[in-house]
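Let's go through this structure together, one question at a time. For each label, we will look at what earns it.

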Amino acid sequence: MTKIFSTKLDAQLLKRLDAFCSKYHLKKAHVLEEIIEDGIRRKAEALEMAQSLQRGLEQEARGEFYSAEEV
């Protein structure tokens, strides 16, 4: 499903995007799509890491970790 969205972007940012796309002969929509996909992927990775850390802290609080001597 394709949806069109709008957002407020700084005029200078739009000018730099236009210049970049013109210089490398790219379509703005494609560049923006890649940037958004990369941002979503990075956000998902950060969320997964935060959840992993939270699980580790909960396990530590319950005493489920082995000490360095036991390993």
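Q: How many of the residues in the protein chain are buried, as a percentage?
A: This is a predicted model, and in it buried residues make up 6% of the 71 residues in the protein chain. To be called buried, a residue needs under 20% relative accessible area.

Q: What helices and strands does the protein chain hold?
A: There are two helices and zero strands. Helix α1 covers residues 11–24, and helix α2 covers residues 28–62.

Q: How do you know what span to expect for helix α1?
A: The expected span is 1.5 Å times one less than the number of residues. Helix α1 has 14 residues, and its 20 Å from first C-alpha to last is close to the 20 Å expected.

Q: What makes the D10 and Q12 pair at the start of α1 a polar contact?
A: A side-chain oxygen of D10 comes to within 3.1 Å of the backbone nitrogen of Q12. The cut-off for such an N or O pair is 3.5 Å, so the distance fits.

Q: Why are the rings of F20 and Y24 called a pair, and what kind of pair is it?
A: Their centres lie 4.9 Å apart, and rings pair if their centres lie within 6.5 Å. Their planes stand at 50°; under 30 degrees would be stacked and over 60 edge-to-face, so this pair counts as tilted. It is the one aromatic pair in the structure.

Q: Where do F20 and Y24 sit relative to each other?
A: Both are in helix α1, four residues apart, which is about one turn of the helix. In general, residues three or four places apart in an α-helix point the same way, because there are 3.6 residues a turn.

Q: Are F20 and Y24 buried, partly exposed or exposed?
A: F20 has 38% relative accessibility and Y24 has 45%. Partly exposed lies between 20% and 50%, so both F20 and Y24 are partly exposed.

Q: Why is H25 called exposed?
A: Its relative accessibility is 71%, and exposed means over 50%, so H25 earns the label. H25 is found in the loop between α1 and α2.

Q: What makes the phi of H25 worth a look?
A: H25 has a positive phi of about 55° although it is not a glycine. Most residues other than glycine have a negative phi.

Q: Which residues make the nonpolar surface patch, and how exposed is I36?
A: L32, I35, I36 and I40 make the patch, which is about 350 Å². I36 has a relative accessible area of 37%, so it is partly exposed, and it lies in helix α2.

Key
Residues numbered from 1 in each chain as written. Predicted model: local features only at pLDDT ≥ 70, side-chain atom pairs only at ≥ 80, totals over all residues. Heavy atoms only, no water. Polar contact = N/O pair within 3.5 Å; in protein donor to acceptor, adjacent residues only side chain to side chain. Patch = residues over 30% accessible without salt bridge, like charges linked within 9 Å, V, L, I, M, F, W, Y side chains within 5 Å. Areas by Shrake-Rupley, 256 points an atom, 1.4 Å probe, with all protein chains shown as cover. Salt bridge = Lys/Arg side-chain N within 4 Å of Asp/Glu carboxyl O. Buried < 20%, exposed > 50% of the residue type's maximum accessible area, 1.4 Å probe, protein only. Phe/Tyr/Trp six-rings, centres within 6.5 Å; stacked < 30°, edge-to-face > 60°.
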